[in-house]
Amino acid sequence: MPNITDKSLIPCEECGLIAAIPLIDEGEKVQCPRCKHTLTQIIHHPYQRPIAYIIACLIMLMLSLCFPFMSFSVEGLSQEIGLLHSVKMLDQFQNSALALLLLCTVIVLPAIYLCFMLYLYIQSLRVAQLSVRQIDRIRRVCKIVFIVKPWLMVDVFLVGVLVSLVKISALADIGLGYSFWAFCIYTVLLVKCVSLVDRNWLWNQFIPSVSIEGVKAGDTCLSGNHSVCHVCEQINPPISEQNSVCLRCKSKLHHDNFKHNLQTSWALLISAAIFYIPANLYPIMYTVSLGSRGPSTIMEGVILLWHHGSYPIAMIIFFASVFIPLAKMFALSWLFISAKRASAFPNGASMQWQKVYRLTEVIGRWSMIDIFVVAILVALVQLQNLMAIYPGPAASSFAAVVVFTMLSAMKFDSRVLWQNIKNNPINGSYDHE
């Protein structure tokens with residue numbers, strides 16, 4: 001098993017510091033000495049474990065699609081759905097964008113991620129026999145899997161399903177099918193699969209990083225003696241007409257334009273703020289009961305759950321659908337404003353803002369819970385005039401809020417927060433554990 005070469009240089013994608021890393025063994029990881037971001041790691045049994053988890057995960061995904069997911073019955077009427085039924089019903093009620101979002105984030109993109117990862121790990125076992133054409137194909141596959149990774153929302157969907165069950169369990173009898181239990185196992189396995197994959201380690205199995213003359217540990221993105229590929233983290237010579245593509249993955253290199261990235265992040269964040277208004281003013285779903293139709297906004301749903309005594313679920317919906325989106329927009333706004341004066345940050349301030357940025361990236365996707373709750377309820381509760389639930393106009397707006405805030409956080413280059421490096425020098429020594 002090839003280890004990482006001693007004295008290899010890895011750029012930190014979060015703070016821009018070039019760090020020299022040691023020779024590490026299985027079960028160890030290397031952290032940035034400045035911001036403590038994990039630079040690379042080698043898990044125990046780095047080939048066998050991912051392959052085993054991926055195969056098991058794919059099996060559970062197929063089982064999740066083959067059997068009934070859950071059933072709903074009241075007053076002698078019943079409704080049974082499969083996992084894909086939510087997509088069909090959203091499309092039927094003219095919410096094709098939501099249906100596509102649900103299909104991609106829960107089924108299609110995870111399946112692509114798992115299949116491509118299985119291909120990569122199997123190919124890594126026979127890397128010495130790979131042809132140039134196969135290496136080129138692997139380059140393209142690696143690019144795709146790491147673009148797809150942030151949009152895997154299987155775990156968020158499962159929490160949405162559990163919230164849906166609590167919301168309607170008092171109104172009718174709920175049955176859980178074989179696919180539901182398979183999906184639970186699939187979710188756990190997928191989360192584990194993602195945690196086992198290290199981008200730097202995987203790239204190095206096929207195309208080891210290339211050393212660049214003149215670049216040393218302790219340099220930063222402000223040193224001007226190199227450029228960094230944001231796809232594979234390869235250190236490249238400064239961008240010029242002769243050096244415009246990455247030496248390792250052949251992606252086009254881009255100049256570090258903090259100002260342009262910040263403007264794009266602002267534009268995406270403002271778009272999210274605009275959609276946040278109709279997302280909270282308009283109904284997110286309509287409930288039909290005994291012929292009467294009643295709209296329900298996000299806050300009305302939270303209040304109803306609270307009055308029915310479902311305090312934990314009410315709190316989950318409130319934090320995921322009201323507090324987190326608003327807090328994330330305020331946090332990103334303050335982060336973007338602070339980025340303009342980052343060069344004058346006192347010692348320690350950069351690390352504090354880096355933690356805020358990491359938190360916004362982690363929590364942002366969980367706001368999709370309410371959208372998934374609506375998708376499950378719309379598919380499950382369709383008993384004509386006796387009881388039925390339909391998606392409201394706020395559902396699309398709220399999904400747009402989540403997507404735009406995620407894109408805004410992704411576009412933001414957190415290295416801008418470390419512009420005070422000249423006033424706070426640090427060498428490229430490493431931490432590992």
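**Exercise 1. The sheet around strand E5**

Over how many bridges do strand E5 and E6 pair, and in which sense? Establish this for the predicted model, then describe the sheet to which the strands belong.

*Solution.*
Step 1. Strand E5 covers residues 70–74, and its pairing with E6 is antiparallel, over five bridges. Within this pairing, Met-70 stands opposite Ile-81 in E6, and Ser-71 stands opposite Glu-80 in E6.

Step 2. E5 also pairs with E7 in the antiparallel sense, over four bridges. Here the bridge partner of Ser-71 in E7 is Gly-175.

Step 3. The three strands form an open sheet with the order E6-E5-E7 and antiparallel pairing. Strand E6 (77–81) and strand E7 (173–176) stand at the edges; each has a single partner strand, so one side of each is left without a neighbour in the sheet. From one strand to the next, the twist averages 15°.

**Exercise 2. The two faces of E5**

Determine which residues of E5 form the covered face and which form the uncovered one.

*Solution.*
Step 1. In a regular strand, side chains alternate between the two faces of the sheet.

Step 2. In E5, Met-70, Phe-72 and Val-74 make up the covered face. Ser-71 and Ser-73 make up the uncovered face.

**Exercise 3. The hairpin of E3 and E4**

Describe the pairing of strand E3 with strand E4 and the hairpin that contains Lys-36.

*Solution.*
Step 1. Strand E3 (residues 28–31) and strand E4 (residues 38–42) are paired in the antiparallel sense over four bridges. Lys-29 stands opposite Gln-41 in E4.

Step 2. The hairpin has six residues between the strands, and Lys-36 takes a positive phi near 65°.

**Exercise 4. The length of helix H13**

Compare the expected span of helix H13 with the distance between its end C-alpha atoms, and list its buried residues.

*Solution.*
Step 1. Helix H13 has 18 residues (residues 394–411), and at 1.5 Å a residue it should span 26 Å.

Step 2. The end C-alpha atoms of H13 are 26 Å apart, which agrees with the expected span.

Step 3. The buried residues of H13 are Ala-394, Ala-395, Ser-397, Phe-398, Ala-399, Ala-400, Val-401, Val-402, Thr-405, Met-406, Ser-408 and Ala-409.

**Exercise 5. Gly-160**

Is Gly-160 buried or exposed? State also the helix in which Gly-160 lies and how far Gly-160 is from Phe-372.

*Solution.*
Step 1. Gly-160 lies in helix H5 (residues 154–168).

Step 2. The relative accessible area of Gly-160 is 0%. The cut-off for a buried residue is under 20%, and Gly-160 is therefore buried.

Step 3. Gly-160 and Phe-372 are 212 residues apart in sequence, yet their C-alpha atoms are 5.3 Å apart in space.

**Exercise 6. The cavities**

How many cavities of 30 Å³ or more does the structure hold? Characterise the largest cavity and the second largest cavity.

*Solution.*
Step 1. The structure holds three such cavities.

Step 2. The largest cavity has about 60 Å³ of space. Its lining includes Lys-167, Ile-284, Met-285, Ile-317 and Asp-370. Helix H9 (298–307) and helix H12 (369–380) each supply at least two residues of this lining. By class, the lining residues are seven nonpolar, three polar and two charged.

Step 3. The second largest cavity has a volume of about 50 Å³. Gln-41, Ile-42, Ile-43, Pro-46, Tyr-121, Leu-196, Asp-198 and Trp-201 line the second largest cavity. Of these lining residues, six are nonpolar, one is polar and one is charged.

Key:
Residues are numbered from 1 along each chain as its sequence is written. This is a predicted model: local features need pLDDT of at least 70, side-chain atom pairs count only at pLDDT 80 or more; totals for chains, interfaces and linings use all residues. Side-chain values use heavy atoms; hydrogens and water are left out. The expected span of a helix is 1.5 Å times one less than its number of residues. Buried means under 20% relative accessible area, exposed over 50%, partly exposed in between (1.4 Å probe, protein chains only). Two strands pair if DSSP finds at least two bridges between them. Axes are lines fitted to C-alpha atoms, for helices over the stretch in contact, and angles run from 0 to 180 degrees between N-to-C directions. On a 1 Å grid over the protein atoms alone, a cavity is a set of points where a 1.4 Å probe fits but cannot get out, and a pocket is an open set with protein on both sides within 12 Å along at least five of seven lines; lining residues have an atom within 4 Å of a point. Grid points are joined across faces, edges and corners, and a volume is the space filled by probe spheres set on the points. Ala, Val, Leu, Ile, Met, Phe, Trp, Tyr, Cys and Pro count as nonpolar, Asp, Glu, Lys and Arg as charged, and the others, Gly among them, as polar.
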